[in-house]
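The following paragraphs lead the reader through one protein structure, from its interior to its surface. Please keep the sequence and the three-dimensional view at hand while reading.

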Amino acid sequence: MISISVMALVFGVVFLAELPDKTALAGLVLGTRYRASYVFVGVAAAFVVHVVLAVAAGSVLTLLPQQLLHALTGILFLGGAAMLLLKGGDEEEEVREPKDQSFWKVSGAGFMLILVAEFGDLTQIMTANLAARYDDPLSVGLGAVLALWAVAGLGIVGGKALMKRVPLSLITKIAALLMLGLGLWSLYEAIA
């Protein structure tokens with residue numbers, strides 16, 4: 001039996017925690033370059049995997065050394081920033097039209113980005129804690145998945161709308177700077 005109150009509580013907590021996180025940023029960047037529906041399928045599938053792991057693990061994830069998680073997250077962010085800056089988004093570079101993009105390539109890229117970047121994330125640990133606290137894996141899992149999907153959808157749709165008004169090179173540079181900042185902050189948390 002699904003508890004609507006537990007599901008709603010989990011949705012609210014996870015949505016608010018994930019909204020300013022890297023997921024919206026990643027969705028925004030992918031949404032500017034690729035067909036939104038393809039990106040969403042990959043991102044959504046990755047979030048299902050994360051939530052299943054979090055719910056299954058319960059509170060075990062909270063026992064992992066936080067310094068290690070912060071260090072790995074920081075390195076991933078710095079790597080992502082470097083990739084964005086090196087690959088760039090030159091003015092001359094044209095965003096490929098959806099008809100030229102393979103569903104498997106685009107959704108696979110979204111899946112892998114979220115799978116790697118979100119592992120050990122605050123919302124995954126929070127979902128594990130909520131699953132342990134409420135002992136209602138289905139309600140907690142549904143609330144968390146729906147919240148993560150909502151944030152990803154907002155980022156992807158926002159990316160498409162933003163692309164109509166802002167050049168890709170500027171979006172790429174801002175995203176890289178944000179990832180650089182998040183990477184440095186995560187490394188600082190690992191050391192502190």
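Helices are DSSP runs of H or I with at least four residues, and they are numbered from the N terminus. The structure shown is a predicted model.

The account begins with helix H3, which covers residues 36-57. Helix H3 has 22 residues and reaches 31 Å from its first C-alpha to its last. That span is close to the 32 Å expected at 1.5 Å a residue. The buried residues of H3 include Tyr-38, Val-39, Phe-47, Val-51 and Val-55. Gly-42 and Val-43 are also among the buried residues of H3, as is His-50.

His-50 deserves separate attention. This histidine lies in helix H3, and because its relative accessibility is 3%, His-50 counts as buried. The cut-off behind that statement is a relative accessible area under 20%. Which backbone oxygen does the side chain of His-50 reach at 3.0 Å? It is the backbone oxygen of Leu-115. The side chain of His-50 also reaches the backbone oxygen of Ile-114, at 3.3 Å. When neighbours within four places in sequence are left aside, His-50 is in contact with Ile-114, Leu-115, Glu-118, Phe-119 and Gln-124.

A further part of the interior is found in helix H5, which spans residues 103-117. Gly-110 lies in this helix. With a relative accessibility of 0%, Gly-110 therefore counts as buried. Leaving aside neighbours within four places in sequence, Gly-110 is in contact with Leu-30, Gly-42 and Val-43. Two of these names have already appeared: Gly-42 and Val-43 are buried residues of H3. Gly-110 can also be related to Gly-31: the two residues are 79 residues apart in sequence, while their C-alpha atoms are 9.7 Å apart in space.

The surface offers another view. Ile-2, Ile-4, Phe-11, Leu-138, Leu-142 and Leu-146 make a nonpolar surface patch of about 500 Å². Helix H1, residues 4-18, and helix H7, residues 137-163, each supply at least two residues of this patch. Which helix contributes the largest share of the nonpolar patch? The largest share, 3 residues, comes from H7.

Ile-4 represents the contribution of the other helix, since this residue lies in helix H1. Is Ile-4 buried or exposed? Ile-4 counts as exposed because its relative accessibility is 57%, whereas His-50 counts as buried at 3% and Gly-110 counts as buried at 0%.

Notes. Residues are numbered from 1 along each chain as its sequence is written. This is a predicted model: local features need pLDDT of at least 70, side-chain atom pairs count only at pLDDT 80 or more; totals for chains, interfaces and linings use all residues. Side-chain values use heavy atoms; hydrogens and water are left out. Patches are made of residues with over 30% relative accessible area and no salt bridge: like charges are joined within 9 Å, nonpolar side chains (Val, Leu, Ile, Met, Phe, Trp, Tyr) within 5 Å. Accessible areas come from the Shrake-Rupley method with a 1.4 Å probe; for residues, only the protein chains shown count as cover. A salt bridge is a side-chain nitrogen of Lys or Arg within 4 Å of a carboxyl oxygen of Asp or Glu. Buried means under 20% relative accessible area, exposed over 50%, partly exposed in between (1.4 Å probe, protein chains only). A polar contact is a pair of N or O atoms within 3.5 Å; within protein, one must be able to donate a hydrogen and the other to accept it, and residues adjacent in sequence count only if both atoms are side-chain atoms. Contact means heavy atoms within 4.5 Å. The expected span of a helix is 1.5 Å times one less than its number of residues.
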